Amino acid sequence: MNLLSRWSMGFALSLFVVGNVAANDSVASLGAGGIVIGKTDVIAMEQEDLFVSADKIRVSYVFRNTSDKAVETRVAFPVPEFPENPDMDLGLDTHSTNPMGFAVKVEGKTKKFETEVKKKEGNVKITHHWMQTFPANQTLKVTHEYKPAIGGEAMLWFQEEERANKIKRYCIEPDLVRWIDKNNVPDKGKIVSPRYIDYILTTGANWKGPIGKFRLTVQKNNSNEKLSVCGTGWKKRDAKTFVLEKTNFTPAQDLAVMLLSSYTFDQ
C-alpha cells in the first residue's frame with residue numbers, strides 16, 4: 001500500500017465532482033459523497049464510519065442535536081450529474097431515477113425518500129431527499145449506501161505530465177512508481193490497468209464543529225491489487241483492507257483512490 005502525508009483527509013457530505021480520465025478506452029468516475037443539509041450550528045456529527053470499495057460505498061453517521069429544540073430539516077443526497085446519453089460506460093443504470101441504487105436507514109429502519117430529476121442541455125441531475133427530525137439533545141443514527149461509478153482505463157496512461165498529476169493526486173510512492181514502470185510495458189506484453197474511486201469529503205463544514213470520531217475503511221477486491229491513496233496513520237487490517245481513524249477531525253480534501261491490476265498478454 002502506498003500512502004504519503006500530503007493529504008489531510010476530509011469527509012463526506014457534498015455535491016458532486018466528475019473525475020475525468022485522460023486516456024483512450026477510459027471511463028469517468030463520479031465522485032459522490034454523503035448526505036447534505038444546509039449549514040447548521042446546532043447539529044454535530046459525533047461519529048462517521050465510511051467504507052469504500054469498488055462495489056459499494058457505505059456511510060454510518062451518529063448525529064447529535066445539541067439544542068433544546070427538535071430540528072426538522074430537509075436532507076438530500078445529490079447524485080453526480082451525468083450525460084443523458086453517455087458515450088462511455090459509467091457502470092450505472094442511467095435511465096433509472098436511482099442509478100446508484102441509493103438506500104438510507106434511520107435508527108436501523110428503512111427511510112423512504114423522494115427523488116427530483118432535472119434534465120438540461122443533455123445532462124441529468126438527480127437528487128434524493130427527505131424530511132428529517134433531529135430530536136432535541138439526542139443522537140440520531142443514519143446509514144446510507146450506494147454503488148459508486150468507477151473510473152478506469154484499459155491501460156494506465158503514465159507518461160509526462162499525466163504521470164506527475166497521478167503521482168500527486170494519488171500520492172504514489174517511489175516503490176509503486178517502479179512497479180508500474182516494470183509492469184506497464186505493452187511492447188513486452190505487460191500492462192497495468194487502473195480503477196479510480198472518487199468521494200467528496202469536503203463539505204463537513206455544514207455541521208457543527210469537527211467530527212468527533214472518524215473512521216475510513218478502504219477495501220481492495222483482491223489481495224493482488226495495488227492500492228494508492230493519500231493520508232497518514234493507515235493500519236492494515238488484512239490483505240485487502242486498510243483503516244484510517246481520526247478524532248476531532250475537520251475535513252480538508254476529497255478522497256481519491258487508485259486500484260491497480262497487472263496483466264500479461266501474447267503479442
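Start by selecting residues 43-52, which are strand β4, together with residues 211-219, strand β14: the two pair in the parallel sense over six bridges. Keep in mind as you click around that this is a predicted model. For a landmark in the pair, show Val 52 and look across to Val 218 in β14, which stands opposite.

**The eight-stranded sheet**

Now widen the selection to the sheet around that pair. Eight strands make up an open sheet, and reading across you should meet them in the order β8-β7-β11-β5-β4-β14-β17-β16, with mixed pairing. Go out to the two ends and pick β8 (109-110) and β16 (235-236): each has a single partner strand, so one side of each is left without a neighbour in the sheet. As general background, strands of a sheet pair through backbone hydrogen bonds, either parallel or antiparallel.

**The three-stranded sheet**

Next, select β6 (71-83) and β9 (114-120), and add β10, residues 123-134. Together they give an open sheet of three strands in the order β6-β10-β9, and here the pairing is antiparallel. β6 and β9 sit at the edges with a single partner strand each, so each has one side without a neighbour in the sheet. Turn the view and you can follow the twist, which averages 20° from one strand to the next. Zoom in on β6 and β10: eleven bridges join these antiparallel strands. Phe 82 is a handy residue to label here, as it stands opposite Val 124 in β10.

**Helix α1**

Move on to residues 160-170, helix α1, and show the side chains of its buried residues, Glu 162, Lys 166 and Tyr 170. Look straight down the axis of α1: those buried residues fall within an arc of 40°, so they line one face of the helix. The general rule behind such a pattern is that an α-helix has 3.6 residues a turn, so residues three or four places apart point the same way. Swing round to the face turned away from the buried side, and you'll find the exposed residues Glu 160, Glu 161 and Lys 168.

What covers the buried residues of α1? Among the elements to display are β12, β13 (190-199), β15 (226-228) and β18 (255-264). Before you leave, click on Cys 171, which follows α1 and has a positive phi, near 55°.

**Helix α2**

Select residues 174-183 for helix α2, where the buried residues are Leu 176, Val 177, Trp 179, Ile 180 and Asn 183. Viewed down the axis of α2, these buried residues fall within an arc of 160°, so they too line one face of their helix. The face turned away from them carries the exposed residues Pro 174, Asp 175, Arg 178 and Lys 182. Bring α1, β13, β15 and β18 back into view, as the buried residues of α2 pack against them.

**A buried glutamate**

Now pick Glu 153, in strand β12 (residues 151-153). Is Glu 153 buried or exposed? Its relative accessible area is 3%, so Glu 153 counts as buried. Show Tyr 196 as well: a polar contact of 2.5 Å joins its side chain to that of Glu 153.

**Zooming out**

Finally, show the whole chain, with its two helices and 18 strands. Of its 267 residues, 47% count as buried. The accessible surface comes to about 13,300 Å², and 46% of that belongs to carbon and sulfur atoms. Among contacts in the chain with a separation of 6 or more, 77% are between residues 24 or more positions apart.

Key:
Residues numbered from 1 in each chain as written. Predicted model: local features only at pLDDT ≥ 70, side-chain atom pairs only at ≥ 80, totals over all residues. Heavy atoms only, no water. Pairing = 2+ DSSP bridges. Helix = DSSP H or I, 4+ residues; strand = E, 2+ residues; numbered from the N terminus. Axes fitted to C-alpha atoms, helices over the stretch in contact; angles between N-to-C directions. Buried < 20%, exposed > 50% of the residue type's maximum accessible area, 1.4 Å probe, protein only. Contact = heavy atoms within 4.5 Å. Areas by Shrake-Rupley, 256 points an atom, 1.4 Å probe, with all protein chains shown as cover. Polar contact = N/O pair within 3.5 Å; in protein donor to acceptor, adjacent residues only side chain to side chain. Arc of directions from axis to C-beta.
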